[in-house]
Amino acid sequence: MKKFILNCVIGIIIVFVLDFAVGESLEYFYFKQTSGFQYRTTYSMEKTNEDILVFGSSRANHHYKPSVFKKKLNSSFYNTGRDGNFIFYQTAVLKSILKRYKPKLILYDFTGEFNINQTDYDRLSSLLPYYKNHSEIRNIVNLRSQYEPVKNFSRIYPYNSTIGNIAIGNININGLRTKDKNGYVPLYGEWKEPLKMRDIIKFEKTDKNKINVFKDFLSLCKENGIAVMVIVSPVYYTYDKDYSLELCEEICNEYKIPFFNFTKNQDFLESPYLFDDVSHLNDKGATLFSEKVADLVRED
């Protein structure tokens with residue numbers, strides 16, 4: 001029995017040592033990256049100092065062209081958008097930024113839904129590498145599951161789903177990483193299909209966590225004296241109703257935040273060549289859209 005217990009203790013020690021050693025290596029190489037979407041998250045949370053920031057998911061990442069804003073507004077600009085990451089991610093990134101400085105203006109590109117959707121919680125894994133050193137985001141990451149504080153004792157756990165991208169991010173071979181321009185990633189396709197009507201976009205049950213975290217984003221901006229505009233960027237389809245957009249506008253009105261919805265803007269709905277696909281503008285479309293948003297900022 002004593003030998004069995006000793007072997008168990010030795011085994012546990014070996015596991016902890018391996019977990020620490022491998023986790024330390026993964027952490028080192030993760031934060032050593034100088035390009036790619038993971039690097040852009042690190043830059044957004046730990047290094048941004050630009051006057052204007054845009055927050056959002058893929059539509060933010062591909063629709064807001066920094067060079068346009070810099071030219072029209074004579075202000076520095078960075079695009080913090082990340083594909084597939086919505087309300088939770090954006091508020092977590094904002095919290096980290098506010099620990100360092102206060103941007104002059106935030107553009108929030110609203111995409112997503114206030115419906116209960118487990119996938120949106122699963123995607124909080126993109127913030128796990130920052131859990132250890134960014135205590136301000138832990139309450140959001142912990143929404144992923146009640147066991148997150150325990151899981152994050154492991155040094156490997158935060159990087160479980162990132163190993164392939166870490167490897168690519170540390171190989172200096174042209175073409176393996178998508179190039180960005182101050183966080184903006186241009187698309188160059190051209191949509192050819194006709195405009196279509198989508199079904200009513202509704203939700204069965206409201207996710208109170210999403211509503212609270214979205215309100216938290218707006219409150220943080222107001223408390224820190226940061227001007228903020230909520231924008232819904234163009235899509236190439238029509239719809240009768242979108243309950244999440246209606247709720248978003250209602251919340252913005254409650255907080256007296258300017259809300260602009262471009263999804264029914266005819267300049268885009270009549271121009272399929274401005275789109276890469278039905279949900280994303282190409283670089284030409286992003287240029288036109290960025291000019292329109294910059295004009296709104298100047299008028300505000």
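# Close-up views of a predicted model

**Figure 1. Overview of the chain.** The chain's secondary structure amounts to 13 helices and 9 strands. The radius of gyration is 21 Å, close to the 19 Å that the globule rule gives for 300 residues, so the chain is as compact as a globular protein of that length. This is a predicted model. Along the principal axes, the C-alpha atoms fill a box of roughly 80 × 45 × 40 Å. Half the story is burial: 50% of the 300 residues count as buried. Contacts with a separation of 6 or more were also sorted by distance along the chain. Of these, 81% join residues 24 or more positions apart.

**Figure 2. The largest nonpolar core.** This core has 54 residues. Those with the most contacts inside it are Phe55, Phe110, Phe114, Phe214, Phe217 and Val230. Helix α5 supplies the largest share of the core, 8 residues. Another core lies apart from it, with 22 residues. Val54, Ala60, Leu105 and Phe268 are among the residues of that other core. In soluble globular proteins, nonpolar side chains tend to be buried together.

**Figure 3. Phe214 and its surroundings.** Phe214 is one of the residues with the most contacts inside the largest nonpolar core. Residues up to four places away in sequence are not counted here. Phe214 then touches Ile87, Tyr108, Phe110 and Phe114, among others. Its list of contacts also includes Val230, Cys248, Ile251 and Cys252. Phe110, Phe114 and Val230 appear, like Phe214, among the residues with the most contacts inside the core.

**Figure 4. Helix α2 against helix α5.** Helix α2 covers residues 37-46, and helix α5 covers residues 87-98. Their axes come within 7 Å and cross at roughly 45 degrees. That angle makes α2 oblique to α5. From α2, the contact is made by Thr41, Ser44 and Met45. From α5, Tyr89, Val93, Ser96 and Ile97 take part. The contact residues divide into 4 nonpolar, 3 polar and no charged.

**Figure 5. Thr91, a buried residue of helix α5.** Thr91 lies in helix α5. Its relative accessibility is 0%, so Thr91 counts as buried. Leaving out residues up to four places away in sequence, Thr91 touches Ile140, Val213, Asp216 and Phe217. Phe217 is also one of the residues with the most contacts inside the largest nonpolar core.

**Figure 6. Lys222 in helix α10.** Helix α10 spans residues 208-223 and holds Lys222. With 44% relative accessibility, Lys222 counts as partly exposed. Neighbours within four places in sequence aside, Lys222 is in contact with Tyr255, Lys256 and Ile257. Lys222 and Lys256 are 34 residues apart in sequence. In space, their C-alpha atoms are 9.8 Å apart.

**Figure 7. Asn142 in the loop between α7 and α8.** Helix α7 covers residues 138-141 and α8 covers 148-151, with Asn142 in the loop between them. Is Asn142 buried, exposed or partly exposed? At 26% relative accessibility, Asn142 counts as partly exposed. Residues up to four places away in sequence aside, Asn142 touches Tyr131, Glu148 and Pro149. Asn142 and Tyr131 are 11 residues apart in sequence. Their C-alpha atoms are 9.6 Å apart in space.

**Figure 8. Asn170 and Asn182 in the loop between α9 and β4.** Asn170 has its place in the loop between α9 and β4. At 26% relative accessibility, Asn170 counts as partly exposed. Leaving aside neighbours within four places in sequence, Asn170 is in contact with Phe29, Lys32 and Gln33. Ser145 is 25 residues from Asn170 along the chain, and 31 Å separates their C-alpha atoms. Asn182 also lies in the loop between α9 (163-169) and β4 (197-198). Asn182 is partly exposed, with a relative accessible area of 43%. Its phi is near 55 degrees, a positive value in a residue other than glycine.

**Figure 9. Asn74, a residue with positive phi.** Asn74 is found in the loop between α4 (66-73) and β2 (77-79). Although Asn74 is not a glycine, it has a positive phi of about 55 degrees. Most residues other than glycine have a negative phi. With a relative accessible area of 70%, Asn74 is exposed.

Notes: Residues numbered from 1 in each chain as written. Heavy atoms only, no water. Axes fitted to C-alpha atoms, helices over the stretch in contact; angles between N-to-C directions. Helix = DSSP H or I, 4+ residues; strand = E, 2+ residues; numbered from the N terminus. Parallel < 35°, antiparallel > 145°, perpendicular 65-115°, else oblique. Contact = heavy atoms within 4.5 Å. Nonpolar A, V, L, I, M, F, W, Y, C, P; charged D, E, K, R; others polar. Core = buried A, V, L, I, M, F, W, Y, C linked by side-chain atoms within 4.5 Å. Buried < 20%, exposed > 50% of the residue type's maximum accessible area, 1.4 Å probe, protein only. Rg over C-alpha atoms; globule rule 2.2 N^0.38 Å.
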